[in-house]
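Please open the structure in your viewer and keep the selection panel at hand. The tour begins with one helix and its surroundings, then moves outward to the whole chain.

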Amino acid sequence: AISYFKLRGSYAKVGSTAVNSTISSAAVLSGSGLGYGADYTTPYGGPSYKNISSYNVSPIYNNQPGATYTAILTNPDLEPSFSSAYETGAELKFFRNRLGVEATYFNCLDGPRIFELPLSQATGYNYLLTNGIKSRRTGWELTLSGSPLRRTNFNWDVMVNWSTYKEVLTEIYPGIETLDQFFKVGDRLDKLYTSAFVRTKDGQVINDASGRPIQNPVSRYLGNMNPDWSWSINNRFNYKQFTFGFQFDGRVGGKMVDYVLRQTMRGGRHIATIQGDMGVARANDIKGIKSYVGQGVVVANGATINYDVDGNITNYDQLAFAANTTPTFLQDYISRYNGISEGNLIDKTYAKLREVTIGFNLPKSFLNRMSIQRASITLVGRNLLYFAKVKDIDLDQFPGMTSQSSLQTPTSKSYGVNLNITF
């Protein structure tokens, strides 16, 4: 039977003007701890002054000061950028609140934003500040909570959460068909376009005459940066005075370029460079012997590969392929293969044992002697287990529209003790 039911909804519309998240270096006060010329990040958006005709004074030639006029054509009809969003949800509980279900859906329309429309340099400007570009963000969140066991001295509570998010381009500007070269109306804005291999119709890498992969002259779509969905599972147990809880969470899907993999492979510091065929070829490199043969094919008939503006091969019918048998130095092969972003593409899927807690509630008979209402001591461990196909980086630190990892500080496990006293 339904013991609780709730419907909710909300709507909001906010506007913003051309702002920056930093204060001009001229506004940095002396004694603030920042050097001259440094940006001071503020918790609010300050004016960008983009829509004001002004000069910029800076060294131009031979370290002599000069003045340059703005390359942005101002717009007296510029309007604020708006974002309107609505959210709706429902919450139900059954069996005297022992089972709960909650669902939330949100839909947010961003724009028309303020953006810089490219102009011909023959006009004397590079951009026109105008209104345009709309995108729509949507997402779902589902939560299932329950108490499978309820006894006099033992309780088990569990909560499972699932969510998804997507942003789609809905409008650009009259007469403009693509945004940032690749994005068209209807495209997801988290599409990852970057350097890629040239491949046959069945997906094999095409190598050049030296036996190294050919890079496509145009950045290619390799996947979406945002995860397909995120999840978490939280369990809590109570037995008499003791408590025990743990939480797993993670994300599924999403693509990213592994910068650490690229640099360690090209620098010869990745363990894969001393294992198997690579290990043998690395030893031969030192002797001056070309011995590494990469996977894929070569163009056997000497025909030139032709591409369209999107990087698609247009003359497959003129190309004859054969297996690549050309040996090369391992260092040369890795420099080419891992120098292309697709060679370092990884999946963002991961799972973590986020937290484990073990606690003890001190008996009231003991606390009453000291006028204490409640007291508990809890042992806490965080980031105890990490599951991912690639573990040289912590994927948890690269959420959303992150196209490439960085040289991050490794995530560490942590342990602590919490003491909670209520008088």
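In this predicted model, begin by selecting helix H2 (276-287) and helix H3 (330-337), which are among the elements that cover the buried residues of H1. Next, select H1 itself, residues 259-266. Which of its residues are buried? They are Val260, Leu261, Arg262 and Met265.

Move now to the ends of H1. At the N-terminal end, display Asp258, which acts as the cap: one of its side-chain oxygens lies 3.1 Å from the backbone nitrogen of Val260. Val260 also belongs to the buried residues of H1. Just after the helix, select Gly268, where phi is positive, at about 75°.

Colour the chain by pLDDT, the predictor's confidence in each residue. The average is 90, and 93% of the residues score at least 70. Select strand E14 (residues 206-207), which has the highest mean pLDDT among the elements, 98; then select strand E2 (residues 19-23), which has the lowest, 57. Continue to residues 24-32, where pLDDT stays under 50. For this stretch the model has 4 contacts beyond four places in sequence.

Finally, show the whole chain, with its 4 helices and 24 strands. Its C-alpha atoms fill a box of roughly 85 × 65 × 55 Å along the principal axes. The radius of gyration is 29 Å, whereas a compact globule of 423 residues would have one near 22 Å. Buried residues make up 33% of the chain. The exposed area is about 25,500 Å², of which carbon and sulfur atoms supply 54%.

Definitions and conventions:
Residues are numbered from 1 along each chain as its sequence is written. This is a predicted model: local features need pLDDT of at least 70, side-chain atom pairs count only at pLDDT 80 or more; totals for chains, interfaces and linings use all residues. Side-chain values use heavy atoms; hydrogens and water are left out. Buried means under 20% relative accessible area, exposed over 50%, partly exposed in between (1.4 Å probe, protein chains only). Helices (H or I, at least four residues) and strands (E, at least two) are DSSP runs, numbered from the N terminus. Contact means heavy atoms within 4.5 Å. A polar contact is a pair of N or O atoms within 3.5 Å; within protein, one must be able to donate a hydrogen and the other to accept it, and residues adjacent in sequence count only if both atoms are side-chain atoms. pLDDT is the predictor's confidence in each residue, from 0 to 100. The radius of gyration is taken over C-alpha atoms; the globule rule is 2.2 Å times the number of residues to the power 0.38. Accessible areas come from the Shrake-Rupley method with a 1.4 Å probe; for residues, only the protein chains shown count as cover.
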